[in-house]
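Student: I should like to learn how features of a protein model are read from its atoms. Could we take them one at a time, beginning with a single side chain?

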Amino acid sequence: MRKKIVAGNWKMNTTLPEGLALAKGLNEALKGKTTKCDVVAGVPFTHLASVVAAVDTAKIGVGAENCADKDKGAYTGEVSAAMIASTGAKYVIIGHSERRAYYHETPETLRAKVLLTLAAGLTPIFCIGEVLAEREAGKHFEVVDAQIASSLFDLSVDDFGKLVLAYEPVWAIGTGVTATSEQAQEIHAHIRSTVAAKYGAKVADDTSILYGGSCNKDNARELFANPDVDGGLIGGASLSVDKFLPIIEAFD
C-alpha cells in the first residue's frame with residue numbers, strides 16, 4: 001500500500017525564528033492526533049537542524065527544498081545531500097518547477113541529485129509538470145514522460161521504489177487556477193502507467209504521486225479522493241498552520 005503524504009514547501013520564506021514558530025505551531029496542532037497521511041515540512045537549509053530538534057519527527061518529517069549535484073568539494077555556497085542528512089532531515093525536494101525555470105536545472109543535474117539523495121539515505125520528492133503552453137498544445141503527457149525518463153529511468157527497481165513523485169501543473173502554481181479533479185486524476189493515472197511500463201505494475205502501484213498545484217483546504221478533499229492522487233506538495237498554504245492543517249485532515 002503506497003503512502004499518503006502531505007508535504008509543505010516553504011520556499012524562500014520565514015526567518016529562522018519565524019520558521020521555528022511555524023514548525024512548533026504545526027507540531028502542537030498535530031499533538032494527540034492520528035493522521036491518515038505522512039506529514040512533511042520542506043524548509044530552508046538554514047532551518048533544517050533547528051526544525052528537526054523542535055518537532056516530533058515521528059509526526060513531521062523534515063525535508064530540504066534542494067541539494068547540490070556534487071558529493072563534496074570546492075563548490076562554494078552549495079549544500080550536499082550528506083550535509084542535509086546529517087541534520088536529521090529525511091526528505092529532499094528535487095526538480096521543482098522553480099528550480100528548473102529560474103536555475104536551468106537539466107535532466108542530468110537532477111539525475112545526479114537523485115542519486116546523491118538516495119546514497120545519503122534520504123527520500124527524494126521528484127517534481128514533474130508542464131507549463132501553460134505545453135498544456136494548451138496537448139503535450140502534457142509527453143512532457144512529464146520525458147522528465148521522468150530522462151532523470152529517473154536509469155535507476156534500479158529498488159531505488160525507484162524509494163522515490164516520491166510530485167506532479168506540478170506549472171500553470172496552476174501561484175495563479176489561483178487549479179487543475180480540476182478530473183484533470184489531476186487523468187495525468188496522475190498517466191504518470192502511474194508510465195512508471196508501470198518501465199518498472200512493472202507493483203512498483204507503479206506502490207509509488208506515491210502528489211499533486212502540487214494550488215491545493216488548499218477548499219479543494220484538497222476532492223483532489224485526494226481520486227484513486228491516483230496520493231496527497232499534495234503544498235506551497236503558500238503550508239506557511240500557515242490554520243491553512244495547512246485542514247489539508248492534512250482532508251484524508252480523515
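Tutor: In this predicted model, the side chain of Ser208 reaches the backbone oxygen of Lys3 at 2.6 Å. Ser208 itself sits in the loop that runs between helix H10 (201-206) and strand E7 (209-211).

Student: Is Ser208 buried or exposed?

Tutor: The reading rests on relative accessible area, and a residue is called buried when that value is under 20%. Ser208 has 5% relative accessibility, so Ser208 counts as buried.

Student: Which residues is Ser208 in contact with, leaving aside its neighbours within four places in sequence?

Tutor: They are Arg2, Lys3, Ile5, Val164, Leu165 and Asp230. Lys3 thus appears in this list and also supplies the backbone oxygen reached by the Ser208 side chain.

Student: Where does Asp228 lie, and is Asp228 buried or exposed?

Tutor: Asp228 lies in the loop between helix H11 (220-224) and strand E8 (231-234). Its relative accessible area is 13%, and therefore Asp228 is buried.

Student: With which side chain does the side chain of Asp228 make a polar contact?

Tutor: The partner is the side chain of Arg192, at 2.6 Å. Not counting residues up to four places away in sequence, Asp228 touches Arg192 together with Arg2, Gln185, His188, Ala189 and Ile209.

Student: How should I read a nonpolar core, and which members of the largest one touch the most other members?

Tutor: One looks for buried nonpolar residues joined through their side-chain atoms. The largest core has 66 residues, and those touching the most other members are Val6, Ile84, Leu152, Phe160, Ile191, Tyr211 and Phe224. Take Ile191 as an example: beyond its neighbours within four places in sequence, Ile191 is in contact with Ile128, Val144, Ile148, Leu165, Tyr167 and Ile209. A second core, separate and made of eleven residues, includes Ala7, Tyr91, Ile125 and Leu210.

Student: What can be said of Val52, which is in helix H2 (residues 48-54)?

Tutor: Val52 counts as buried, because its relative accessibility is 14% and the limit for that term is under 20%. Not counting residues up to four places away in sequence, Val52 touches Thr57, Val62, Thr87, Gly88 and Ala89. Sequence separation and spatial distance are separate readings: Val52 and Leu20 are 32 residues apart in sequence and 9.7 Å apart in space, C-alpha to C-alpha.

Student: How is empty space found, and how many cavities of 30 Å³ or more does the structure hold?

Tutor: Rolling a probe the size of a water molecule over the atoms shows where empty space is left. Here there is one cavity of 30 Å³ or more, and the largest cavity has a volume of about 60 Å³. Its lining includes Gly8, Trp10, Val40, Ser238 and Phe244. Helix H1 (16-30), strand E2 (38-43) and helix H12 (241-248) each give two or more residues to that lining, with the largest share, three residues, coming from H1. By class, eight lining residues are nonpolar, three are polar and none is charged.

Student: What volume does the largest pocket have, and which residues lie nearest its centre?

Tutor: The largest pocket holds about 450 Å³ of space. Its lining has 15 residues, and Lys11, Met12, Glu65, Arg99 and Tyr103 lie nearest its centre. Helix H4 (residues 97-103) provides the largest share of the lining, four residues. By class, the pocket lining comprises seven nonpolar, four polar and four charged residues.

Methods: Residues numbered from 1 in each chain as written. Predicted model: local features only at pLDDT ≥ 70, side-chain atom pairs only at ≥ 80, totals over all residues. Heavy atoms only, no water. Core = buried A, V, L, I, M, F, W, Y, C linked by side-chain atoms within 4.5 Å. Buried < 20%, exposed > 50% of the residue type's maximum accessible area, 1.4 Å probe, protein only. Contact = heavy atoms within 4.5 Å. Polar contact = N/O pair within 3.5 Å; in protein donor to acceptor, adjacent residues only side chain to side chain. 1 Å grid on protein atoms, 1.4 Å probe; cavity = no way out; pocket = protein on both sides within 12 Å on 5 of 7 lines; lining within 4 Å. Points joined across faces, edges and corners; volume = space filled by probe spheres on them. Nonpolar A, V, L, I, M, F, W, Y, C, P; charged D, E, K, R; others polar.
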